[in-house]
Amino acid sequence: MTDSWATTALGEARAAPEDHRAAPDHRTVLGTDLHLELRGPGLRTGLMDALREAVRTGRLAPGARLPSSRSLAADLGVARNTVADAYAELVAEGWLTARQGSGTRVARRAAPRTPAPAAPRTRPARRRATYSLMPGAPDLAGFPRAQWLTAARRALTRAPHEAFGYGDPGGLAELRTVLADYLARARGVYAAPERVVVCSGFVHGLTLLGTVLRARRVRAVAVESYGLRQHRKVLMDAGLRTPALPLDGYGTRTGELAGVRGAGAVLLTPAHQFPTGVALHPDRRAAAVDWARATDGLILEDDYDGEFRYDRQPVGALQGLDPERVVYLGTASKSLAPGLRLGWMVLPEGLVAEVTAAKGEVDWASSALDQLTLAEFIASGAYDRHVRSMRLRYRRRRDQLVEALDGRPDLRVTGIAAGLHAVVELPSGTERSVIEAAAWQGLAVSGLARFRHEAAEPGPDALVVGYGTPPVSAWTGALDALCRALP
């Protein structure tokens, strides 16, 4: 016979036509689709081979219920006896099981045994990481599920039908309006709704900006000498060079921007430099803005954790100094959770059309439901309450970290006035060995060298300790493991 293909259904089906060759009609209720390829000299042989192959490859999982012989025969257009005989033979072979009242199912088999690996002759493998103090993430267990669900229900109830269409690539008006109000109030950002573009996080926003800057014939974006390598890669993938600006105790030395050849923009973390934790000195904030005005350049401001500050007055966004020269980027990744994939850009007026067009070409719009829910979450005050609650939690952890390391003269904790991480400076030459010792304690932690720009001078040996990452239940264990690993 010639090859034939059919899609059938796993699950219950109502009565199909009695005709032996009848095709499915409107009375058949389909369950889970299953694609079968019938090959071979006969229908029964082809069906058996197809079912064996589906079981062997895992497309039919152990315990999966097959359709009744009547339903499968109707879907395949074969005689019911052909299916019944194929089932019976596969039951006899052990591929399937059949019980009264339970139907025909894929047999559950024990997995084949594999020989045990030879015992290692070297030192035992490191303990798998039990705890993590890696920076860059919040306590995901603190996500406000109940309040988010309430906001989602309200948003769904109130949303017009048009909200679930393709929409504006810049984002839903409901979220852009709420964000403009919140950012002006909480971060000192000049944020008219028409200047806000919703994106899927900071990297997405930076990708769009890289595309626009390259189209504007910008050849280089200056970056801080310590920062995330992924951000530099995004810019380099857009065809941009990423020369490094040095850092010191007052933040990035923005006065050196004038000497950076070909730079048309600079990427900064002014409120809380990542990862050193230094706030950019007011004089250097002004110097960055002066450079942008004099060169027709742009400042890309990454305000990644601006809501979390402890021992100081809030440091407002740099964007407030000159909204036409600064692109403000923020996300819900630290304040809520990175899995939401929600971020935003507040753009100079002359950049809005270009960025929106670039976004429409590659990623038309973020999820309408998530945008509506976040808008409701902020407008209801739940976002402010959540941030205040998490700010207290993170401050307690920071205090406990400082207290645990107090009295060790060879260690120094810095960058603790804000954010979700601290820098623990170590004795010279010990960074790698401390990370190794932490791994033996089952602790994942990052060294400062990991964030150094390839062209930057080496800095001090240090750990970047993300105290926001562990859930409440793991915080004490992670802190104990850190103390055991430190010299």
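In the predicted model, L268 has E301 of strand β12 as its bridge partner. The strands concerned are β11, which spans residues 263–268, and β12, which spans residues 298–302; the two run parallel and are joined by four bridges. In general, the strands of a sheet pair through backbone hydrogen bonds, in either a parallel or an antiparallel manner. Both β11 and β12 belong to an open sheet of seven strands, in which the order is β6-β14-β13-β12-β11-β7-β8 and the pairing is mixed. The edges of this sheet are formed by β6 (residues 196–199) and β8, each of which pairs on one side only.

The edge strand β8 comprises residues 244–245, and the loop that lies between helix α7 (residues 229–237) and β8 contains T242. This threonine is buried, because its relative accessible area of 9% falls under the 20% limit for that class. When neighbours within four places in sequence are set aside, the contacts of T242 are V221, V223, R232, L235, M236 and H453.

Two cysteines were also examined for burial. C199 is buried, with a relative accessible area of 1%. C483 has a relative accessible area of 19% and is likewise classed as buried, since the class extends to values under 20%. No disulfides are present in the structure.

At the surface, a nonpolar patch is formed by L156, F164 and L369, which together present about 260 Å² of accessible area. L156 is located in helix α4, which covers residues 145–158. The relative accessible area of L156 is 45%, so this residue is partly exposed; the value therefore satisfies the requirement of over 30% that applies to members of a patch.

With regard to the protein as a whole, the secondary structure consists of 13 helices and 19 strands. The chain has 487 residues, of which 50% are buried. The accessible surface amounts to about 23,700 Å², and carbon and sulfur atoms contribute 52% of this area. Among contacts with a separation of 6 or more, 74% are between residues that lie 24 or more positions apart.

Technical notes: Residues are numbered from 1 along each chain as its sequence is written. This is a predicted model: local features need pLDDT of at least 70, side-chain atom pairs count only at pLDDT 80 or more; totals for chains, interfaces and linings use all residues. Side-chain values use heavy atoms; hydrogens and water are left out. Patches are made of residues with over 30% relative accessible area and no salt bridge: like charges are joined within 9 Å, nonpolar side chains (Val, Leu, Ile, Met, Phe, Trp, Tyr) within 5 Å. Accessible areas come from the Shrake-Rupley method with a 1.4 Å probe; for residues, only the protein chains shown count as cover. A salt bridge is a side-chain nitrogen of Lys or Arg within 4 Å of a carboxyl oxygen of Asp or Glu. Buried means under 20% relative accessible area, exposed over 50%, partly exposed in between (1.4 Å probe, protein chains only). A disulfide is a pair of cysteine sulfur atoms within 2.5 Å. Contact means heavy atoms within 4.5 Å. Two strands pair if DSSP finds at least two bridges between them.
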